[in-house]
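Let's walk through this one together, starting with a single helix and then stepping back to the whole chain. Have the model open and turn it as you read.

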Amino acid sequence: MHFEVFLLWMGLAGLFVGSFLNVVIYRYPLEEVTVSNPRRSRCPKCEHSLGWYENIPLVSWTIQLGRCRHCQVRIPWRYPLVEGLTSGLWVAAAFAAGSSEEWALAMVWAVVLSGLVVATFVDFDCLEIPDSVSIGGMLAGPLLSALVPALHGGSWLAVRLSEGSSQVTSMGAFTASIAGLVLGWSILAGIGWLGARAFGKEAMGFGDVKLLAAGGAFVGPGGVALALMAASVLASVAGVLNIARFYYLIRSRARRRGVPKPVRKALHVARIVGRYIPFGPYLAVGIGIALLYWNDVISWLL
Ligand SMILES: [Zn+2]
């Protein structure tokens, strides 16, 4: 297959997978529904069942100008965002794999990235990471690593264990996967334990521990270190921006009321309310970077 055709195919598949991920994300916190029941999506306001032509990724939302065809309620822009993002990630997975011969590698990457999309948005919504993603990844990672050893083609450990062979062996990849899983689990569990001892409160959610363990099973021990570094930097930046946002909100509300709040007091309140952001989304981005580009990042750093 021509590489361009492969990229196009992955982009289209990603659009429809993204549409499915929207259903998973939207229905996750709801108790009365599952992913397969009801089969058809409904408008959350007027409950009208969506026809296939109202469910075409990106296209329907754009044609309907972001509104339900029946009751005109606004459909959040997050729906087309998740579809476009997933499609882009599937194309990126194909790109990173480099040719259509490497379709198995591209598919595993694409599926892992899709799981990370679910983890990210569910964590933003509910402050938890679904076990189906984290525990599912911890089980699937070692298995898929043995089936598609190229997943650990850049892993020092897997390459060393495959000496004498021109490519990474199943055994080498499987071992690197287990090592990544154990390291991902122990680093975050360790930080959580230290944080609990030092501050007397939970510093690390258990969902994050399971997510990095699952990611580690796909990126190996070196990838875990990279993912955690990238996640820490991103989360710090996001944390500072979040505090700045609350600071701005507090100050402008006080000004509207005509009782200006002193800078120090506003900053104090902003730091308290703005401090808590979920770590999962940044961890997911870090794992995604390690997944596709960890060799590039390492060579760039060195
Ligand atoms: Zn409606």
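**One helix, two sides**

Start with the side of α9 where Arg264, Lys265 and Ile272 sit: these three are exposed. Keep in mind as you look around that this is a predicted model.

Now, which residues of α9 are buried? They are Ala266, Ala270 and Gly274. These three lie on the same side of α9, because they cover an arc of only 45° around its axis. Their spacing helps you see how that comes about. An α-helix has 3.6 residues a turn, so residues three or four places apart point the same way. Turn the model until Ala266, Ala270 and Gly274 are in view, and you have the buried side of α9; Arg264, Lys265 and Ile272 are on the other side.

What lies over that buried side? Part of the cover comes from α8, residues 206–256.

As for α9 itself, the helix runs through residues 263–274, which makes 12 residues. From its first C-alpha to its last, α9 reaches 16 Å, close to the 16 Å expected at 1.5 Å a residue.

Now zoom out to the rest of the chain. The protein chain has 10 helices and 0 strands, so reading from the N terminus you pass one α element after another. The C-alpha trace spans about 75 × 55 × 35 Å along its principal axes. Of the 302 residues in the chain, 38% are buried. And if you take the contacts between residues at least 6 apart in sequence, 68% of them join residues at least 24 apart.

Definitions and conventions. Residues are numbered from 1 along each chain as its sequence is written. This is a predicted model: local features need pLDDT of at least 70, side-chain atom pairs count only at pLDDT 80 or more; totals for chains, interfaces and linings use all residues. Helices (H or I, at least four residues) and strands (E, at least two) are DSSP runs, numbered from the N terminus. A residue is buried if 20 or more other C-beta atoms lie within 10 Å of its own, exposed if 12 or fewer, and partly exposed in between; C-beta atoms are placed from the backbone. Two residues are in contact if their C-beta atoms, placed from the backbone, lie within 7 Å. The expected span of a helix is 1.5 Å times one less than its number of residues. The arc is that of the directions from the helix axis to the C-beta atoms.
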